Every structure is written in C-alpha cells, then in structure tokens.
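Biologist: I am new to this structure and would love a close look at a single part of it. Could you pick one residue, walk me through its surroundings, and then show me how it fits into the whole?

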Amino acid sequence: MAEQKAEDTSQPPFGIPKAYYSIKNVNSGLVLEVPDSSKESGVQLEQNVYSGSDNQKFGVTALSDGVYVIMNVASGLAVSIKDDSKSDKAAVVQLALNGDNGT
C-alpha cells in the first residue's frame with residue numbers, strides 16, 4: 001500500500017508568505033509600490049502603473065491569532081499607516097516591525 005503524506009497546512013515562517021500580490025486601486029487602475037525599491041523605514045508608498053517588479057509585490061503573513069501583516073517583497077518592510085493615524089487621507093508608509101501592534 002502506498003504511503004500517504006499529510007498536507008502541510010502550517011503557516012510558513014514569519015516573513016515568508018505563501019503567495020505574493022499586487023494591490024490595485026480600482027478607481028485609478030494603478031498599483032501600490034515602494035518608490036525606487038527603497039529599503040528605508042518610513043518611506044511613503046505610491047501608486048504607479050503595474051510593471052511586475054518586486055517593489056509592487058506584497059505578501060500577507062500571520063503574526064498571531066487573527067493578526068496579519070502586509071510586507072513588501074523588495075524591502076521586507078511592513079505596510080502601515082503613518083503615525084498610526086485614524087484620519088482620512090493618512091499616508092501609507094513602510095516600517096520595520098516592532099511587535100507592538102504588528103508594525
């Protein structure tokens with residue numbers, strides 16, 4: 001009888017998502033990107049024409065039960081709202097994770 005292997009349903013190690021995504025604005029048709037593939041924390045993200053480059057690819061990874069982080073492939077930094085703002089039109093930036101609130 002052939003040996004059956006159990007399917008691996010575990011989450012990959014932190015920072016290694018199972019898939020990558022582009023984030024497209026349905027109004028403009030443009031995608032979210034890290035300008036110039038910057039690896040600097042605090043850089044404001046922009047929207048641009050889709051090119052397929054890593055600065056336009058994002059992975060979603062579980063941090064804990066029900067908490068997820070969106071990370072850019074090129075920079076390895078997390079997508080966040082600047083200064084944890086709750087106001088309209090707040091800037092979207094990339095930050096290093098600090099563990100307090102997912103960013």
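**A close look at Gln94**

Modeller: Happy to! Let us start with the whole chain, whose exposed surface comes to about 7,200 Å², with carbon and sulfur atoms supplying 49% of it. Please keep in mind that this is a predicted model. The protein chain has seven strands and zero helices, so reading from the N terminus you meet β-β-β-β-β-β-β. Of its 103 residues, 28% count as buried. Among the contacts with a separation of 6 or more, 41% link residues 24 or more positions apart.

Now to the part I picked. Gln94 sits in strand β7, which covers residues 92-95. Is Gln94 buried or exposed? Its relative accessibility is 1%, and because the cut-off for buried is under 20%, Gln94 counts as buried.

What does the side chain of Gln94 reach? One partner is the backbone oxygen of Ser38, at 2.9 Å. Another is the backbone oxygen of Glu40, at 3.0 Å. Ser38 and Glu40 also appear among the residues that Gln94 touches, once residues up to four places away in sequence are left aside. That list also includes Lys39, Ser41, Gly42 and Val43, as well as Val34 and Leu45. Further along the sequence, Gln94 touches Asn72, Ser75, Leu77 and Ala78.

Just ahead of this strand there is a loop worth a visit. Asp83 is placed in the loop between β6 (78-81) and β7, and Asp84 lies in that loop too. Asp83 is not a glycine, yet its phi is positive, at about 55°. Asp84, also a residue other than glycine, has a positive phi near 55°. Asp83 has a relative accessible area of 70%, and because exposed means over 50%, Asp83 counts as exposed. Asp84, at 43% relative accessibility, counts as partly exposed.

For a contrast with buried Gln94, turn to the surface. There, Tyr21, Ile23, Val60, Tyr68 and Ile70 form a nonpolar patch, and together they have about 470 Å² of accessible area. One member, Tyr21, belongs to strand β1, which spans residues 20-21. With a relative accessible area of 48%, Tyr21 is partly exposed.

To find your way back, return to strand β7 and Gln94, then follow its side chain to the backbone oxygen of Ser38 and to that of Glu40.

Methods. Residues are numbered from 1 along each chain as its sequence is written. This is a predicted model: local features need pLDDT of at least 70, side-chain atom pairs count only at pLDDT 80 or more; totals for chains, interfaces and linings use all residues. Side-chain values use heavy atoms; hydrogens and water are left out. Helices (H or I, at least four residues) and strands (E, at least two) are DSSP runs, numbered from the N terminus. Buried means under 20% relative accessible area, exposed over 50%, partly exposed in between (1.4 Å probe, protein chains only). A polar contact is a pair of N or O atoms within 3.5 Å; within protein, one must be able to donate a hydrogen and the other to accept it, and residues adjacent in sequence count only if both atoms are side-chain atoms. Contact means heavy atoms within 4.5 Å. Patches are made of residues with over 30% relative accessible area and no salt bridge: like charges are joined within 9 Å, nonpolar side chains (Val, Leu, Ile, Met, Phe, Trp, Tyr) within 5 Å. Accessible areas come from the Shrake-Rupley method with a 1.4 Å probe; for residues, only the protein chains shown count as cover. A salt bridge is a side-chain nitrogen of Lys or Arg within 4 Å of a carboxyl oxygen of Asp or Glu.
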